[in-house]
Amino acid sequence: MQYTLTQQARQRRRRENLVGYAFMLPSLLFFLGFVIFPMGMALVTSFTDYSMTTFGFVGLSNYIRAFKDAVFIKSLGNTLVIVLVSVPLVTLFSLWVASAVYKSSQFTSSLIRIIFYLPIVTGTVAVTVVWKWMFNNYYGLLNYVFKSLGIISSNINWLGNPATALWCIITILFTTSIGQPIVLYISALANVDPSLVEAGEVDGANHMQVFWKIKWPQIMPTTLYILVITTINSFQCFALIQLLTSGGPNNATNTIMYNIYYHAYKLNEYGYGNAMGILLALLIAIFSFFQFRLAKSDNE
Amino acid sequence: MKKTLALLLAAVMLLSLSAVSLAEEKVAITMWTYPIGAWKDADTVNGIVAAFNEKYPNISVSVEYLDYQSGDDQVTGAIEAGTTPDIIMEGPERLVSNWGAKGKMVDLADLWTEEALKDISAVSEAVVAACQLDGKYYEYPLCMTTHTMAINYEAFEKADALKYLDQDTRTWTTENFELAMKALKDSGVAHTGIVYCGGQGGDQGTRALAMNLYSASFTNPEHTEYTMNSEAGIKGLQKLQDMVNEGLLTADPGIVAGDELQLFANGTANMSLAWNAANAANYASQAQFTPYAMAFPSDDGVPELAGGIWGFGIFNNNDEKRIAAAKEFIKFVSDDPVQGPKSVFATGFFPVRASFGDIYTGTEKEANKEFSVFMPYLGDYYSVTPNWPVQRTEWWNLLQRIFAGGDVKAEVETYINNVNVK
Amino acid sequence: MQTTVQRITPYRVLSYVMLFILAVIFTFPLYWIVTGSFKDAQAINAPAPVWFPTNPITTNYARLMERPAISWLLNTLFICGMAMLLICITATMAGYAIAKKRFACRALIFSIFVMAMALPKQVILIPLLKEISFLGLHNTLWAVIFPTVGWPFGVFLMKQFSENIPGSILEATRIDGAGEVQTFIQIVLPMVAPGIGALAIFTFISAWNDYFLQLLMLNTARTYTISVGIAKLQDEMFTDFGLIMAGAALAAIPIVVVFLMFQRFFTRGITMGAVKG
């Protein structure tokens, strides 16, 4: 009896393995072929002086160079500001919008989803062209509106001023990252088991208690997904900077991603660019690790 | 290694000898062009290719159009993927000092015949110098221009500032430039001119301004070192900082030349630092005033203008047939006495060959002649100095620091430290 | 009547006012682009905003059509459609497996997937470029599709959605004697349908906007996508805003349509109560 049980268990485990990997196979093929393999190459080249003309092992010197590079340090700081501001803002705001409308009619909730998704579907290049005009120092919409309302007396050079430029970037980043979380939260909230909510209400829980005690744990996987995705997107903020400020003024909007792009594609220092990329990946991994931890402890 | 080289050489010679066999065999080549005048329009370029095919029916040319925003990234990608085009059309800072220096280009020495060398030298020795590196020619030039500034003629007239400029030679002295800016400001103009420094677009304009104010040189004559830390260089940058502080000029770290031109065209700014024949044509329909081209102000009244030299290079794709065919195309487009001037005409700039003479009189581009007056002021072509891409970024960063109130001398030293190869 | 009046609390009013203001801000860029595409050069570059094209023109679109904008659109549709299809299949399978199958190295594989997302795409592009060109795929649409399908976002999302499938349902199905494939198709797929809908849209849109990958992988006007094509309408010294706006409007319309089509799937809730009753 004992013998057959372990055999059964072993058989079962073998079956799980077989089935599991069979389901994983198509995805793994693409993942290993087009992500992991080039990623491995990127990791290897981060220890070389790889450029258009050279390829030699240089040990850790790319990494050491990064920490001595004042522009990299500055861009690291800017990147952290962007992440620390935009991740909580995007998550909380999208949760607020979703909870305000998820019970509304099909029409309203569709409308809200579409409106907040518009900046993404419109395309980064096009949206940036419009925002660039809005922030324009001389005839931009923002100065025009604020001056007519009497909020400011003279034009502000939004993108040309180190004190405001990063906030402009964060604003645009916000409008282009909020759509996906709202869509996800609306469907997650709509999928919360209604019998649990009812049970809570019967027990006399108020609105807030129902939300935090019943709904919040249920939408945790969605929250975790949103946190991780938003963190990664904020860390990898690049196109806006390339199109609007080239990292200026005075490196006030330089981010790690822009730095990577500049060194790898403008100066063809692939090795150095990749080393910064690995550092960025480590940073994101640390952030994600804590987010997973947070989510886990919250769930318990 | 030597053996293969010898074999290769023999093959090249054989191929060039048997031009007849080339004419019989079909060859397909590709060309990428940066937007140089009408060379960005498919209609124009198709016409040029058609003219070429009348003479060389066996060489088919397919063309792709690059832009300055993404073109460099695309070429980088093509180099790494091994899918570079045969011919590429741009200027020496890319063809010679970037891809040429990295060993990606073919030496075009055989296109530079004695006749061509003489004809081009007659226009400018600087062009010949700019197209080569270490004795190898990586560019065969087609056309050139000088980058100038422009003023809003009516606004200057209204401010009674025209008296500060020499309308015959289109030049002004630094002193008169300052007086003109004062007059403009006093006439109630909000922005005389805008010193843009939000990126590298059109940076030749801000460089030319800073250099010319006190006749500084941007690099040493050998093009090995950047030299804006000279006394004249620092003085020029200091003057700019002072003028901005006095409100005689506007500094804007939020815009680049493209934005500045827009502001000039719609009347917000009264000068542009990024003018040339192509921009004059582009903005002609928008401007409600007369954009009047001027040289950059200079203390001695003799400006040294930055030039643009555009022409062709060939990527080394290790296919002798295609290289030979590409050379035929370049020769036809640039040297043919009938096609050559037409090719230049399409750019809107000026021929690098003296024998082409005046190509604009009596044509719809007659207005371009306005710029021929600047040709004698064409200065040294310094954009081939090592570390050029780094220098471009450091330059607008330097301006941003200076206009944020930084100490000019210290900031220039930082800049020089960052750009010169140690 | 009484009940509706009661529901209007100050908080709700405030919420809706705020939502309305934000909706205006979020809609404005598209409004400006669409109206801008009908403006002439004078109006679009005017120092004071021209809120509406007073004498609309269509030449911007005519000029856009002179370039092969339609073939850019078709290329993009093919890339996005194909990537969407492949990723929905592979990611749904993989997400389900990671969430519900106890196979060896499961946690490790999932961590690698998450770690991989952290690495900036730019860093892998040069090696990827070499690989793609080695495979002879450079300058084909597959050069963009395959790396998009490999990107692990989808697996992560579908794993999160599959977490919610109650194990008891799967167990019940197994006891009923259903095979793995049957269970997946009949039980799992309907339950993660909202996830697939979301994944389809996200993939479609991110593939649509993945400008940099497309720029490096595609070399000829024949293979360009709409984002690359539009980016190329910008000139260093002269920006033809009318043309860019027309291109942007043309690029936005198909996605809005796709969005409208797929967003119906989102609210079709996961039938969590199925075994409870």
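Me: Which residues of α10(B) are buried?
Reply: This is a predicted model, and the answer concerns helix α10 (residues 203-213) of chain B. Of its residues, 11 of the 11 are buried, so the helix is largely enclosed by the rest of the structure. The buried residues are D203(B), Q204(B), G205(B), T206(B), R207(B), A208(B), L209(B), A210(B), M211(B), N212(B) and L213(B).

Me: Which residue just after α10(B) takes a positive phi?
Reply: The helix α10 of chain B covers residues 203-213. Just after it, the phi turns positive, at about 50°. The residue is S215(B).

Me: How many helices and strands does chain B have, and why is chain B called as compact as a globular protein of its length?
Reply: The secondary structure of chain B comes to 17 helices and 13 strands. For 422 residues the globule rule gives 22 Å, and the radius of gyration of chain B is close to that, so chain B is as compact as a globular protein of that length. The C-alpha atoms fill a box of roughly 70 × 50 × 35 Å along the principal axes. The radius of gyration of chain B is 22 Å.

Me: What percentage of the residues in chain B are buried?
Reply: Among contacts in chain B between residues at least 6 apart in sequence, 77% join residues at least 24 apart. Burial is counted over the 422 residues of chain B. The buried share is 53%.

Me: What distance separates the centres of domain 1 of chain B and domain 2 of chain B?
Reply: The domain assignment gives domain 1 of chain B as 2-145 + 308-376 and domain 2 as 148-304 + 387-419. The contact takes 12 residues from domain 1 of chain B and 10 residues from domain 2 of chain B. On the domain 1 side, these are 5 nonpolar, 5 polar and 2 charged residues. Taken over C-alpha atoms, the separation of the centres is 32 Å.

Me: Which element gives the most to the side of chain B that touches chain C?
Reply: The contact takes 27 residues from chain B and 23 residues from chain C. On the chain B side, two or more residues come from each of α4 (71-81), α12 (257-265) and α13 (277-283). By class, that side divides into 7 nonpolar, 16 polar and 4 charged residues. The element that gives the most, with 6 residues, is α4(B).

Me: Why is chain C described as more spread out than a compact globule?
Reply: The secondary structure of chain C comes to 15 helices and 0 strands. For its 277 residues the globule rule gives 19 Å, and the radius of gyration of chain C is well over that, so chain C is more spread out than a compact globule. Its C-alpha atoms fill a box of roughly 70 × 70 × 30 Å. The radius of gyration of chain C is 24 Å.

Me: Which element gives the largest share of the side of domain 1 of chain C that touches domain 2 of chain C?
Reply: The assignment splits chain C into domain 1 (2-60) and domain 2 (63-275), with C-alpha centres 30 Å apart. Their contact takes 12 residues from domain 1 and 10 residues from domain 2. Elements of chain C that give two or more residues to the domain 1 side are α2 (10-36), α3 (41-44) and α4 (59-66). The largest share, 4 residues, comes from α2(C).

Me: How many residues of chain C are in contact with chain A?
Reply: The side of chain C that touches chain A has 55 nonpolar, 13 polar and 6 charged residues. Its largest share, 9 residues, comes from α2(C). On the other side of the contact, chain A has 72 residues. The number from chain C is 74.

Me: Which element of chain C has the lowest mean pLDDT?
Reply: The mean pLDDT of chain C is 85, and 93% of its residues reach 70 or more. Over residues 1-6 of chain C the pLDDT is below 50, and this stretch has 0 contacts beyond near neighbours in sequence. The highest mean among the elements, 95, belongs to helix α8 (residues 142-150) of chain C. The lowest, 44, belongs to helix α1 (residues 2-7) of chain C.

Methods
Residues numbered from 1 in each chain as written. Chains lettered and ligands numbered in written order. Predicted model: local features only at pLDDT ≥ 70, side-chain atom pairs only at ≥ 80, totals over all residues. Rg over C-alpha atoms; globule rule 2.2 N^0.38 Å. Buried ≥ 20, exposed ≤ 12 C-beta atoms within 10 Å, placed from the backbone. Contact = placed C-beta atoms within 7 Å. Nonpolar A, V, L, I, M, F, W, Y, C, P; charged D, E, K, R; others polar. Domains from an automatic or database assignment. pLDDT = per-residue confidence, 0-100.
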